[in-house]
Amino acid sequence: MLHPSYQDLIQKVNSEVEPGEQPVVQSRYSIVLATAKRARQLIDGDEAMVPGGRGKKPLSLAVQELYEGKVKILSDSSEDDDAEETEEEYLAMEQSNAQFEKANAGASEA
């Protein structure tokens with residue numbers, strides 16, 4: 001069983017939406033995409049943003065990060081999109097300047 005539940009995650013992600021605005025996440029599918037993408041980032045070597053990440057599976061860490069607000073889901077919607085393609089979602093990680101510089105330094109050395 002997934003803890004927190006999908007409903008808890010959806011409520012948490014949408015908690016910062018202003019009244020009258022469209023929610024960022026409207027379905028479990030969006031939560032699944034976001035956590036899967038973050039889990040892949042963790043597998044590829046990104047550091048976990050939550051304490052006690054050692055020994056936990058990447059998906060569990062991704063869910064915990066999303067629930068704690070360490071990772072945000074941003075929607076990129078435009079008026080020109082078809083009704084079927086209402087939102088494109090991606091993760092935006094809040095990284096410190098040091099983490100950003102470290103990532104760029106590693107890429108330039110390769």
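In this predicted model, helix H2 (residues 28–43) and helix H3 (residues 58–67) bring their axes within 8 Å of each other, crossing at roughly 120 degrees. That angle makes H2 oblique to H3, and the crossing is right-handed. If you would like to trace the contact on screen, look on the H2 side for Ile 31, Thr 35, Arg 38, Ala 39, Leu 42 and Ile 43. Their partners on H3 are Pro 58, Leu 59, Leu 61, Ala 62, Val 63, Glu 65 and Leu 66. Sorted by class, this contact of H2 with H3 comprises 10 nonpolar, 1 polar and 2 charged residues.

Helix H2 also packs with helix H1 (residues 6–14), at an angle of about 85 degrees and with the axes 10 Å apart. H1 is therefore roughly perpendicular to H2. Here Tyr 6, Leu 9, Ile 10 and Val 13 of H1 meet Arg 28, Ile 31 and Val 32 of H2. The class count for this contact is 6 nonpolar, no polar and 1 charged. Ile 31 is listed in the contact with H3 and also in the one with H1.

Here are the two helix pairs side by side:

| Helix pair | Angle between axes | Distance between axes |
|---|---|---|
| H2 and H3 | roughly 120 degrees | within 8 Å |
| H1 and H2 | about 85 degrees | 10 Å |

What about the rings? The structure holds 0 aromatic pairs. There is, however, a charge over a ring to look at: the charged end of Lys 12 sits over the ring of Tyr 67, 5.6 Å from the ring centre.

Key:
Residues are numbered from 1 along each chain as its sequence is written. This is a predicted model: local features need pLDDT of at least 70, side-chain atom pairs count only at pLDDT 80 or more; totals for chains, interfaces and linings use all residues. Side-chain values use heavy atoms; hydrogens and water are left out. Rings of Phe, Tyr and Trp (its six-membered ring) pair if their centres lie within 6.5 Å; planes under 30 degrees apart count as stacked, over 60 as edge-to-face and the rest as tilted. A charge sits over a ring if NZ of Lys or CZ of Arg is within 6 Å of the ring centre and within 35 degrees of the ring normal. Axes are lines fitted to C-alpha atoms, for helices over the stretch in contact, and angles run from 0 to 180 degrees between N-to-C directions. Helices (H or I, at least four residues) and strands (E, at least two) are DSSP runs, numbered from the N terminus. Angles under 35 degrees count as roughly parallel, over 145 as roughly antiparallel, 65 to 115 as roughly perpendicular and the rest as oblique. A crossing is left-handed if the near helix is turned anticlockwise from the far one by less than a right angle, and right-handed if clockwise. Contact means heavy atoms within 4.5 Å. Ala, Val, Leu, Ile, Met, Phe, Trp, Tyr, Cys and Pro count as nonpolar, Asp, Glu, Lys and Arg as charged, and the others, Gly among them, as polar.
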